[in-house]
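Dear colleague,

I am handing over the structure we spoke about, and I would be glad if you could look through it alongside the notes in this message.

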Amino acid sequence: MFKLLLGGRQATFVSSKEALQSFFAVEHGLLSPRTQSHTILRMIGCGASRTQKLYAFGTQELFPILDKRLAKRTLGDLTPGFADVLFNRLKRFANYNGSLRRSLTEPLYVVTNAILLGSRFSPDTYDDYMVFSGSLHPFSARPLWPFPSIRARKRLLGYISKYIEDLGTDKEDSLGTNLFEAFQKHNLTNEDGASLILVLTLTIHMNLFNVVFWLFAWLLADPSALAAVRDEIDKTVREEFGSIHGFLVNASPENLQPSSFALLHSAILEALRLSSLVIGIRDAERDIELKDGKRVIPIRKGELVVAVSWAAHRDEGLYPDGHRFIADRFVQNRDEDIVQNLSKSFFSFNGGKHPVS
């Protein structure tokens, strides 16, 4: 734990397992994501007045919509279509000689957007998205290379505004339709809606792309681990689904339990542990105290608290040889609920003690 001035404000950085657990256990509302959310909205070009309006809509309306659409009880309606469309999209890269990153992330980008936002969301936005997201500085509202980023952002917002306009004439059963109805209810313009959807796509894809790329990069660098993962997938698909077609038809959260893919699940968790770089920045709404082992960290109202999860993920006391990718590191925990297993803390997407895979 250490303190420093960040943008003129006192900031406390917490990175130990105990401090992070205390950070996420604080009563709801005491550590607000306002500063982090405002920074993201400024990155996409929102002025102060629009930022306040969109932040209020996001906290009060957007999260209930996302929870309803993406909750575990409804994911089963999305995963079969996702698996089938993703598999067919990946076929386009069978003889691809370009970058590994594109061959992995372009299908994910197109398919995730199509499943969540509907078929009207343009698949031709990938290049602009990658230019824009790749330029974003994590601690400021300015891109690292302004002009390409600003042009890409402008085109993205234009695409999304047109997408929202089209939703009004031909609605689909998608998250986009739910958002469109909420935008209308609260008199948000297409420009406002486009900004929120761009933030949503950034949230969905940014960390996912990084984790997926490094998962494959590390497996390709370890032929024995790659072969073991492939053997497990082939065996499970053959024995539990009959064929790849059966797998695609029956892909659902219930049929994709970690016990069926113990080594693959472990490799994903290991990639999350090492490559998840997102941090949580919160505003203290009043004086609070965080626990760090036997110490108490006093936080004053108005200060920032920054949770740095990657430091706990590399703690040699929790993860021996913690800077190495070890594909089967979590296999021994396949029968445990890692959410409740406090000896193996995960804070990959800053939502609590859980891995998101």
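What follows is an account of the salt bridges in this structure, with the burial of the residues that form them.

Please keep in mind that this is a predicted model. It holds 17 salt bridges, among them one in which the side chains of arginine 50 and aspartate 192 meet, with a distance of 2.9 Å from N to O. Because arginine 50 belongs to helix H3 (residues 48-70) and aspartate 192 to helix H10 (residues 190-220), this pair ties together parts that are 142 residues apart in sequence. Both arginine 50 and aspartate 192 are buried.

Another salt bridge, at 2.8 Å from N to O, joins the side chains of arginine 273 and glutamate 270; these two residues lie in helix H13 (residues 262-275), where they are 3 residues apart, or about one turn of the helix. Arginine 273 has a relative accessibility of 0% and therefore counts as buried, and glutamate 270 is likewise buried, with a relative accessible area of 0%.

The side chains of aspartate 292 and arginine 295 also meet in a salt bridge, with 2.5 Å from N to O. Here aspartate 292 counts as buried because its relative accessibility is 11%, under the 20% cut-off for that class, whereas arginine 295, at 45% relative accessibility, counts as partly exposed. Elsewhere, salt bridges with shared partners join Arg9, Arg34, Asp283 and Glu285 into one network.

With best regards

Notes
Residues are numbered from 1 along each chain as its sequence is written. This is a predicted model: local features need pLDDT of at least 70, side-chain atom pairs count only at pLDDT 80 or more; totals for chains, interfaces and linings use all residues. Side-chain values use heavy atoms; hydrogens and water are left out. A salt bridge is a side-chain nitrogen of Lys or Arg within 4 Å of a carboxyl oxygen of Asp or Glu. Helices (H or I, at least four residues) and strands (E, at least two) are DSSP runs, numbered from the N terminus. Buried means under 20% relative accessible area, exposed over 50%, partly exposed in between (1.4 Å probe, protein chains only).
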